[in-house]
Every structure is written in structure tokens, then in C-alpha cells.
Amino acid sequence: MLHFGDNLANFKPIEHLYKTDVIKLARLLKSRDEVINQSPSAGFWKNQEDLEDIAYWIINEGPIIIPKQFSDMEIYQAEEITKELSWEKLDMCLKMIKKAEDIQDIVRAVELPIEIINGIIEITKKAKKYKSREILVSLLEKNIN
């Protein structure tokens with residue numbers, strides 16, 4: 001069976017929100033602390049966390065469309081990137097990228113290495129391409145036939 005995650009959802013009421021916005025909203029709605037404080041995860045494997053996925057996307061220079069075996073060096077690099085990331089930094093970075101801010105201003109504001117910022121820029125460009133409905137429909141049709 002094929003799984004495309006939440007990209008095939010028909011109803012996405014909070015799609016436009018950043019993770020930090022979702023956390024603020026959850027607090028306003030008085031969600032339980034254990035729910036708010038758990039690491040966001042698509043649940044692809046045990047202890048999987050979204051920040052780790054993003055680190056692997058940066059190493060891969062885009063979304064991981066098909067299963068891939070990473071080298072020991074790539075795994076190490078992804079672990080190091082994951083240590084640098086937080087939802088606050090990532091959300092601030094994404095907001096500044098969306099506003100087309102200068103990369104040096106982003107580096108200073110977000111306090112992430114320029115290589116990680118460039119990686120985030122690259123994966124956002126490619127995610128828009130690969131997560132389009134047309135691409136998903138094409139992949140689905142190829143795998144059904």
C-alpha cells in the first residue's frame with residue numbers, strides 16, 4: 001500500500017500555521033501538557049521526530065521521495081543538524097525566507113549556520129515541487145498500474 005502522509009488530505013484547517021503557532025493555539029485551547037510537549041512526528045518509525053526528518057531532508061537536498069540508505073557520514077551530519085534545530089529557529093527561518101529577507105540577516109536572527117539556512121531554502125523550494133497534487137497523482141497512478 002502507498003502512503004503519502006498528510007499530502008492527500010482533503011481538509012487541512014491549520015495547514016497555514018507554523019509549529020510554534022500550533023503550540024500556542026494548543027495552550028490557548030488548554031490542551032494537556034503531555035500532548036503539547038511531545039515532539040511532532042509523522043510516526044514513520046519508533047522515536048521518529050519531525051526535526052530529525054528535516055535534517056535528513058537537508059542532507060538529501062530535498063524531500064525523500066523514495067527509500068534511501070544514508071551513509072554513516074550523512075547520518076552523523078543529520079544528527080548534528082538536528083542538534084542545531086528547534087521549532088522556534090525553523091519557524092523564524094521559514095518566515096524570513098517567505099519575506100525574501102537577506103540570507104545574512106536570517107543567519108544573524110536565527111543563529112543557525114549558513115549551510116543549514118541554505119539547506120532549508122533548498123528543501124522548501126523542492127518541497128513545493130514534490131508535494132504538489134500533480135506530482136502525487138502521477139506517483140499514485142504509476143504505482144496503481
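**Helices, angles and surfaces: a guided chat**

Guide: Let's start with two helices in this predicted model: the axes of H3 and H4 come within 8 Å and cross at roughly 130°.

Visitor: Why is H3 called oblique to H4?

Guide: Angles under 35 degrees count as roughly parallel, over 145 as roughly antiparallel, and 65 to 115 as roughly perpendicular, while the rest are oblique. The angle here is roughly 130°, so H3 is oblique to H4. The crossing of H3 past H4 is right-handed.

Visitor: Why do you quote both an angle and a distance?

Guide: Because two packed helices are described by the angle between their axes and the distance between the axes.

Visitor: What makes H3 "mostly covered"?

Guide: A residue is buried when its relative accessible area is under 20%. In H3, nine of its eleven residues are buried. Among them are Leu51, Ile54, Tyr56 and Trp57. For the protein chain, with its 145 residues, 28% count as buried.

Visitor: What comes just after H3?

Guide: Glu61 follows H3. Glu61 lies in the loop between helix H3 (50-60) and helix H4 (72-84).

Visitor: What is worth pointing out about the phi of Glu61?

Guide: The phi of Glu61 is near 60°, a positive value in a residue other than glycine. Most residues other than glycine have a negative phi.

Visitor: Where is Glu111, and what is its phi?

Guide: Glu111 sits in the loop between helix H6 (103-110) and helix H7 (114-130). Its phi is near 60°, again positive in a residue other than glycine.

Visitor: How do you know whether Glu111 is buried or exposed?

Guide: Exposed means over 50% relative accessible area. Glu111 has 56% relative accessibility, so Glu111 counts as exposed.

Visitor: And Ile14: what is it called, and why?

Guide: Ile14 has a relative accessible area of 40%. Buried would need under 20% and exposed over 50%, so Ile14 is partly exposed. You can find Ile14 in the segment before helix H1 (19-28).

Visitor: Which residues form a nonpolar patch with Ile14?

Guide: Leu25, Leu28 and Leu29 join Ile14 in that surface patch. Together the four residues have about 410 Å² of accessible area. A patch residue needs over 30% relative accessible area, and Ile14, at 40%, therefore passes that cut-off.

Visitor: How many helices and strands does the protein chain have?

Guide: The protein chain has eight helices and zero strands. Along the sequence, that reads α-α-α-α-α-α-α-α.

Methods: Residues are numbered from 1 along each chain as its sequence is written. This is a predicted model: local features need pLDDT of at least 70, side-chain atom pairs count only at pLDDT 80 or more; totals for chains, interfaces and linings use all residues. Side-chain values use heavy atoms; hydrogens and water are left out. Helices (H or I, at least four residues) and strands (E, at least two) are DSSP runs, numbered from the N terminus. Buried means under 20% relative accessible area, exposed over 50%, partly exposed in between (1.4 Å probe, protein chains only). Patches are made of residues with over 30% relative accessible area and no salt bridge: like charges are joined within 9 Å, nonpolar side chains (Val, Leu, Ile, Met, Phe, Trp, Tyr) within 5 Å. Accessible areas come from the Shrake-Rupley method with a 1.4 Å probe; for residues, only the protein chains shown count as cover. A salt bridge is a side-chain nitrogen of Lys or Arg within 4 Å of a carboxyl oxygen of Asp or Glu. Axes are lines fitted to C-alpha atoms, for helices over the stretch in contact, and angles run from 0 to 180 degrees between N-to-C directions. A crossing is left-handed if the near helix is turned anticlockwise from the far one by less than a right angle, and right-handed if clockwise.
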